[in-house]
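Colleague: I would like to learn how to read strands and enclosed spaces in a model like this one. Could you take me through them one feature at a time?

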Amino acid sequence: MNASPPMRATHRSWPSPTARPAMSNEVDRHRRIALTDRWIEVDGRPAVPVSGELHFSRVPRRDWAERLRLLRSGGVTIVSTYLFWIHHQPSRDAPPRFDDGLDIGAFVDLAAACGLDVVVRIGPWCHGEVRNGGFPDWVQAAPVRHRSDDPGYLELAADWYAAVGAELASRCGRDAPIVGIQLENELIDQPGHLVTLKRLAREAGLSAPLWTATAWDGAELPPDEVLPLYGGYGDGFWSDADASWAPGFRAQFRFSHEWDDPGIGADVRGTSAGPRPPRPRDIRFPAATCELGGGMATAYHRRPVPSADDVAAVAHVKLGSGSAWQGYYLAAGGLNPADGLQESLATGYPNDLPRFDYDFHAPIGAAGVLAPSHAALRVQHAFLEAFGDRLARMTSSLPEALPADEDDVATPRWALRSDGASGFLFVNVHRPHEPLEPVTGARFALSLDGGELVLPSEPIDLPSGTIARWPIGLELGGVVVRWATASAVTVLEGEIPTLVLLADAGVRVELMVGDDLVSHDPPGEPVLHRFGALDVLVLPGSDAARLWVLATDGSRRLLRCAHPLWTEDGSLFVRAPVEPVVEDWDAAAGAFRRVPFAAEVRPPEAAAPTAIPVRPAAEVPARYGGTPQRTAAPDPAQMADLAAASVLDGLPEPSPGVRRVLTVDWAGDVTTLEVDGEVVADRFWDGTPWHVDLDAIGAAAPRTVTLRILPLHPEAPVRLDEHAAARRAATPGPLLALDAVTVDQSVRWRELQ
């Protein structure tokens, strides 16, 4: 695509003076959190909070602390979590359990200790790919009109809320860590019931400055009672196996001021009534999200695998479109705490999900392994931490020329967030499945309060895949960065401030600071420029995957590390199998310096497990039942009869302070792990490695660990992403392969001070 002459946008001012809703201001006031109609205030200043979903009952309690710290080091400021009623009270004959891995109070306290606020999503109906949407079977079977003001149902809901309130009421209030409560989930046509649930929650002692409800699919929400929250997924398992990439998914990669997404959860609601018309956003509240796809779950019939850039592009587009709250589902994956708790065709849902696996391809996987999306998002979140107070005040303005429709891959996609004098230019040239064309000869003409600004000085090319956020009129230390064609990351304080930029791959770097113009190719190493009282550090794009911005002793530190990194008790910690390389930017030296670390326990010797075949696979059918639109997953008996089996030998023994993660590189249909004949973990193949925390599943001698792999029939009606589909197509007959079995044994390393 050729973008010459300059692409144009005009700054759009706020339409009216800032207003404050009653929520968090007149009622449920909180010491740190408050709402306006434009932004969320944190500690009295506008901010762009970042929430990330972690289901505490799907993560072993011993792992809570590290997962929470990795959320925080990834730039998440709020952890959100469902309370799945079915996990806590499977039988009516016993009261709800809140002990061990179900202790929501302990989880909230730990989150607060890790520097995170908390949003609790209390149901009663949650979804989360859980059986009955989280209702216990006895609630699902009750002779009541569920999810309504039916008195019988309200009696059940009130009892559940009372139990939750007994655990959390003391953690609500003016100075409390719970800053948000979501009522129900995806309830689109009963605003009165949401008001009733809010009353019941209050009667149970629950309160928060932010009461929220999901607003997609034209949801009718009670005015002034809940903050509407939106979502956006670049792909989803809920489409049929033979369905094309849906328009709702494709729309997430273009800038827009339309927030409603009718696709989320549509399969559960059914399609007989057709999609609901989108509902305009309630402008009495800021544009906020709770379900930007941090990854995607895997259903048996459809197995999408969002890349790190897919996840980052959706989040980036929402920011450019005016998001005041970035909320991710999921941010950390997990495992169902028992067999049979998943959504399935057999329990009345339109999808078969794995019995245990809920990794979700999340930034933090079910075994605690970081996905590349963790790095892609944490750079964005570092930007929000440094510039969120400015960005929150800025309106979003769209360009004069917009894509004609979702098939338009030629019209450049960009947006401006600005206060009229300064701002950030958001550009997106990334989209999966149907790539966007590169932009050649790009220049931008921005109509601001002081006149028109045209940048850069010479046209530049933007390769396909570019995801950029460029500062405009940014004042730091009395120096104005008129523009930069490299993405803003953070600001480091020192004798003079340092603006940190990340070069975008294939994009020429141009810095216009005051009257000084500097231009050069994207660097292969860090390049430091001094403009009077301001330093500008330009990092190579290759640094993004190992870049961290963390604070110790109240000061930001710019760090490079390829392993999971976090702060704890004022020090840096790393999890790694060998001594990690951690580098800290030294402003005085103008270079990165290595930081020394010491292991808390002796790292073990490398393990060399082997898979000993004990049974070959049998002939498999193309389908295992299901509906005409969606095939069912094989049941346990079919897995036992048809799958190939291998015993894993040479697995390392458990050791205090050592985390053992098994990685299975495989291809096929379904795989399971058994410990002494009991299935404890499973996975549907989608072309990615399977990571399993061996300690979480109790794999230790003398117990026998068996790996089963079911072949994938060449005609099975299963949708795979391109890379997995290519391997399937290249394999004659059923697909079955065990490529490698390895074990990573990592320990904690602490910074030496």
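Modeller: Let us begin with an enclosed space in this predicted model: helix 9 (residues 308–320) gives the largest share of the lining of the second largest cavity, namely 3 residues. That cavity holds about 110 Å³ of space, and of the 14 residues that line it, G234, D235, P306, D310 and V311 lie nearest its centre. Sorted by class, its lining has 7 nonpolar, 4 polar and 3 charged residues.

Colleague: What is the volume of the largest cavity, and which residues are the closest to its centre?

Modeller: The largest cavity has a volume of about 150 Å³, and among the 19 residues that line it, H127, E129, E186, W238 and E291 are the closest to its centre. Its lining divides into 9 nonpolar, 5 polar and 5 charged residues. The count of cavities of 30 Å³ or more comes to 8.

Colleague: How should I read a strand, and is strand 11 mostly covered or uncovered?

Modeller: As a general idea, side chains in a regular strand alternate between the two faces of the sheet. In this model, strand 11 (residues 289–293) is mostly covered, with 5 of its 5 residues buried.

Colleague: Which strands pair with strand 11, and in what sense?

Modeller: Strand 10 (residues 227–232) pairs with strand 11 in the parallel sense over 3 bridges, and here G231 has E291 of strand 11 as its bridge partner. Strand 13 (residues 326–332) also runs parallel to strand 11, joined to it by 2 bridges, with Y329 in strand 13 standing opposite G293. E291 thus appears twice in our reading, as the partner of G231 and among the residues closest to the centre of the largest cavity.

Notes
Residues numbered from 1 in each chain as written. Predicted model: local features only at pLDDT ≥ 70, side-chain atom pairs only at ≥ 80, totals over all residues. Heavy atoms only, no water. Buried < 20%, exposed > 50% of the residue type's maximum accessible area, 1.4 Å probe, protein only. Helix = DSSP H or I, 4+ residues; strand = E, 2+ residues; numbered from the N terminus. Pairing = 2+ DSSP bridges. 1 Å grid on protein atoms, 1.4 Å probe; cavity = no way out; pocket = protein on both sides within 12 Å on 5 of 7 lines; lining within 4 Å. Points joined across faces, edges and corners; volume = space filled by probe spheres on them. Nonpolar A, V, L, I, M, F, W, Y, C, P; charged D, E, K, R; others polar.
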